[in-house]
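Dear colleague,

I am handing over the structure we spoke about, with the sequence alongside. Please have it open while you read the notes that follow.

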Amino acid sequence: MSSSMGIMSEVESRSRRGTILRVVLGIMLALFSCGLLFPFIFTFTAGLKTSSEIYQPGLNLWPEVAHWENYREAWTRFNLPRMFLNTFAITLGGVVSQLTVCSMAAYSLSRLKPIGQKVIMTMLFVSMAIPAIAYIIPLYTTLVKLPLLNISLLNSYWGLWLPYAANAFTIIVLKNFFEQIPQDIYDAAMVDGASPIRIFWSITLPLARPILLTLAVLTFISLWKDFLLPLLVLRDAKLQPVTVRLFALVKDFPKNLQMAASFTAMVPQLIAALLLQRFIKGGLTIGGSKG
């Protein structure tokens, strides 16, 4: 059994000072958890109230009478199935394009050692320091008229999938992981006549499955809640994801239905985070120990 509890040893944790510290940390974590969960709980219970109840003074979290029909009405009137379908298509395409492009870029940087590798890595680190809002206008201008092809990607999911495909953080994480794979494995494959593409597909990707799954979950959660770029690219309401459509429709519906629709929109992310949290924790542990 491990003798360590992370911030202090088992012996220290049994001392009077250790007990006090554990109680204080427990209270702080409980307060932090309450603050974190409050918006979710408030949104859920507000969706069960009448609109007038939401504006009543005081902390009245649970309604006098729970109007579960608000969620059914929001599901129908907001056309949430269509919104979820659009969001799922955008998110799935974004995850696939990002993992595909970034894994190939990371493999090239870690194993093929291209000319100018240090310059490329410097540019990746610099790009992580630039806020996304700073290049949203140049990106939009590029999507309006794609260079060389002279086509517009507005009102097309490609206008989102292509920008989503490049992510400096994902490339750097995968590059660090690929570099930790023993060189002997690659040498043996090359002796057997495997090409770089075959090595990438048959050896590197299977070994990187845990970190790829972790990055897929994190990317899914990140892209599901993206708002600004889909708002600019997708003008057609039939193509818009749930984040954009809720923003456009909220003024036309009472507050309780807005809350019901907003909480329903969060459910897929919550389910993904709860069901796949062990993969996230395992992947980050692998990344931390390998990096």
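**Pocket, cavity and a helix pair**

By class, the residues lining the largest pocket comprise 22 nonpolar, seven polar and one charged. Please keep in mind throughout that this is a predicted model, with a mean pLDDT of 87 for the protein and 93% of its residues at 70 or more.

The largest pocket itself has a volume of about 1,100 Å³, and of the 30 residues that line this pocket, those closest to its centre are Ala132, Tyr135, Pro163, Ala166 and Asn167. Two or more lining residues are given by each of helix H6 (117–129), helix H7 (136–144), H8, helix H9 (168–179), helix H12 (209–224) and helix H13 (228–233), and the largest share, five residues, comes from H12.

As for confidence in the individual elements, H8 has the highest mean pLDDT among the elements of the protein, at 95, whereas helix H16 (residues 277–290) has the lowest, at 59.

H8 also takes part in a helix pair that you may wish to inspect. The axes of helix H5 (residues 80–112) and helix H8 (residues 158–165) come within 8 Å and cross at roughly 35°, and the crossing in which H5 passes H8 is right-handed. On the H5 side the contact is made by Ala89, Ile90, Gly93, Gly94, Ser97, Gln98, Val101 and Cys102, and on the H8 side by Leu160, Trp161, Tyr164 and Ala165. Sorted by class, this contact holds eight nonpolar and four polar residues, with no charged residues.

Turning to enclosed space, the count comes to one cavity of 30 Å³ or more, and the largest cavity has a volume of about 40 Å³. Its lining consists of Thr87, Ile90, Thr91, Tyr164, Leu223, Trp224, Asp226, Pro230 and Pro241, which divide into six nonpolar, two polar and one charged. H5 and H12 each supply at least two residues of that lining, and the largest share, three residues, comes from H5.

Two residues link these last two descriptions: Ile90 of H5 and Tyr164 of H8 belong to the contact between the helices, and Ile90 and Tyr164 also line the largest cavity. H12, for its part, gives five residues to the lining of the largest pocket and at least two to the lining of the largest cavity.

With best wishes

Technical notes. Residues numbered from 1 in each chain as written. Predicted model: local features only at pLDDT ≥ 70, side-chain atom pairs only at ≥ 80, totals over all residues. Heavy atoms only, no water. Axes fitted to C-alpha atoms, helices over the stretch in contact; angles between N-to-C directions. Helix = DSSP H or I, 4+ residues; strand = E, 2+ residues; numbered from the N terminus. Left-handed = near helix turned anticlockwise from the far one by under 90°. Contact = heavy atoms within 4.5 Å. Nonpolar A, V, L, I, M, F, W, Y, C, P; charged D, E, K, R; others polar. 1 Å grid on protein atoms, 1.4 Å probe; cavity = no way out; pocket = protein on both sides within 12 Å on 5 of 7 lines; lining within 4 Å. Points joined across faces, edges and corners; volume = space filled by probe spheres on them. pLDDT = per-residue confidence, 0-100.
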